[in-house]
Amino acid sequence: MDRLWAPWRIGYVANADKEETCFLCTAANDDPANDRERFVVRRGEHCFAILNRYPYNNGHVMIAPYAHKADLPDLTGDEQREMMSMLIEIQAALKAAFYPHGFNVGINLGSAAGAGVPGHMHVHILPRWTGDTNFVSTVADTKVISQSLDEAWLALTQHFEGTTDSA
Ligand SMILES: [Zn+2]
């Protein structure tokens, strides 16, 4: 993947080691009434989808099981299936909301592979636009990022039918 310049991620990198609670578990276990402020865009039966607070690009979503599980072989069949169906659903919503030219989809397993939350596996889906390495010059501060996160949350959640059962 082409490297995107994302200076706001410095805050994340600096704080990652200090984090004692898993933010994915915190979001998963929170009241769905708080989904907008936590940037949870989708809840299924076994998995959920959340906007990355330190995005590499606009519309950067992570899909994770509710359960705190590190590796792919730990997932149940239901979690595997719903993770894939939710990934497909999120891609469709990202297309409808943002008209990207392409996507990166990936999973980093383990700290050595670059996982920011190595204990709680998640699939990244990242919309890409031709020339999007210029995107950051327009959103280079954290205030603009949180505003764009809220806009992305609104844009994406409009493209789902119902609030549960993503399978
Ligand atoms: Zn967790």
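User: Hi! In which strand is the place of Arg43?

Analyst: Happy to help! This is a predicted model, in which local features need pLDDT of at least 70 and side-chain atom pairs count only at pLDDT 80 or more, while totals for chains, interfaces and linings use all residues. Residues are numbered from 1 along each chain as its sequence is written, and side-chain values use heavy atoms, with hydrogens and water left out. Strands (E, at least two residues) and helices (H or I, at least four) are DSSP runs numbered from the N terminus, and Arg43 sits in residues 40–43, which is strand β1.

User: Is Arg43 buried or exposed?

Analyst: The scale is relative accessible area with a 1.4 Å probe, protein chains only: under 20% is buried, over 50% is exposed, and partly exposed is in between. Arg43 has 11% relative accessibility, so the label for Arg43 is buried.

User: Which side chain makes a polar contact with the side chain of Arg43?

Analyst: A polar contact is a pair of N or O atoms within 3.5 Å; within protein, one must be able to donate a hydrogen and the other to accept it, and residues adjacent in sequence count only if both atoms are side-chain atoms. The Arg43 side chain reaches the backbone oxygen of Asp30 at 3.5 Å. Its side-chain partner, at 2.8 Å, is Asp35.

User: In what order do the elements of the chain run from the N terminus on?

Analyst: The chain contains six helices and five strands. Starting at the N terminus, their order is α-α-α-β-β-β-α-β-β-α-α.

User: Which element gives the largest share of the largest nonpolar core?

Analyst: A nonpolar core is a set of buried Ala, Val, Leu, Ile, Met, Phe, Trp, Tyr and Cys residues joined through side-chain atoms within 4.5 Å. The largest one has 27 residues, and Val41, Leu51, Val61, Ile63, Ile90, Phe98 and Leu156 have the most contacts inside it. Two or more residues each come from β2, β3, α4 (77–98), β5 and α6 (142–157). With eight residues, the largest share comes from α4.

User: How many residues does the second, separate core have?

Analyst: Its members include Ala28, Phe48, Ile50 and Met62. The size of this second core is 11 residues.

User: Which residues of helix α6 or strand β5 does Val61 touch, among its contacts?

Analyst: Contact means heavy atoms within 4.5 Å. Not counting residues up to four places away in sequence, Val61 touches a list including Val41, Ile90 and Leu94. Also on that list are Ile125 and Leu156.

User: Where does Asn52 lie, and which residue has its backbone nitrogen 2.7 Å from the Asn52 side chain?

Analyst: Asn52 is buried because its relative accessibility is 6%. Beyond four places away in sequence, Asn52 touches His60, Met62, His124 and Leu149. Asn52 lies in the loop between β2 (47–51) and β3 (61–65), and the backbone nitrogen 2.7 Å from a polar atom of its side chain belongs to Tyr54.

User: How many residues apart in sequence are Arg36 and Asp150, which meet in a salt bridge?

Analyst: A salt bridge is a side-chain nitrogen of Lys or Arg within 4 Å of a carboxyl oxygen of Asp or Glu, and the whole structure has six. Arg36 and Asp150 meet at 2.8 Å, N to O. Arg36 is in helix α3 (residues 35–38) and Asp150 in helix α6, so their bridge ties together parts whose separation in sequence is 114 residues.

User: What is the relative accessible area of Arg42, which meets Glu89 in a salt bridge?

Analyst: The Arg42 and Glu89 side chains meet at 2.9 Å, N to O. This pair links distant parts of the chain, strand β1 and helix α4, 47 residues apart. Glu89 is buried at 18% relative accessibility, and Arg42 is also buried, with a relative accessible area of 3%.

User: What accessible area do Leu72, Ile107 and Leu109 have together?

Analyst: Patches are made of residues with over 30% relative accessible area and no salt bridge, joining like charges within 9 Å and nonpolar side chains (Val, Leu, Ile, Met, Phe, Trp, Tyr) within 5 Å. Areas come from the Shrake-Rupley method with a 1.4 Å probe; for residues, only the protein chains shown count as cover. Ile107 is partly exposed at 35% relative accessibility. The nonpolar surface patch of Leu72, Ile107 and Leu109 has about 210 Å².
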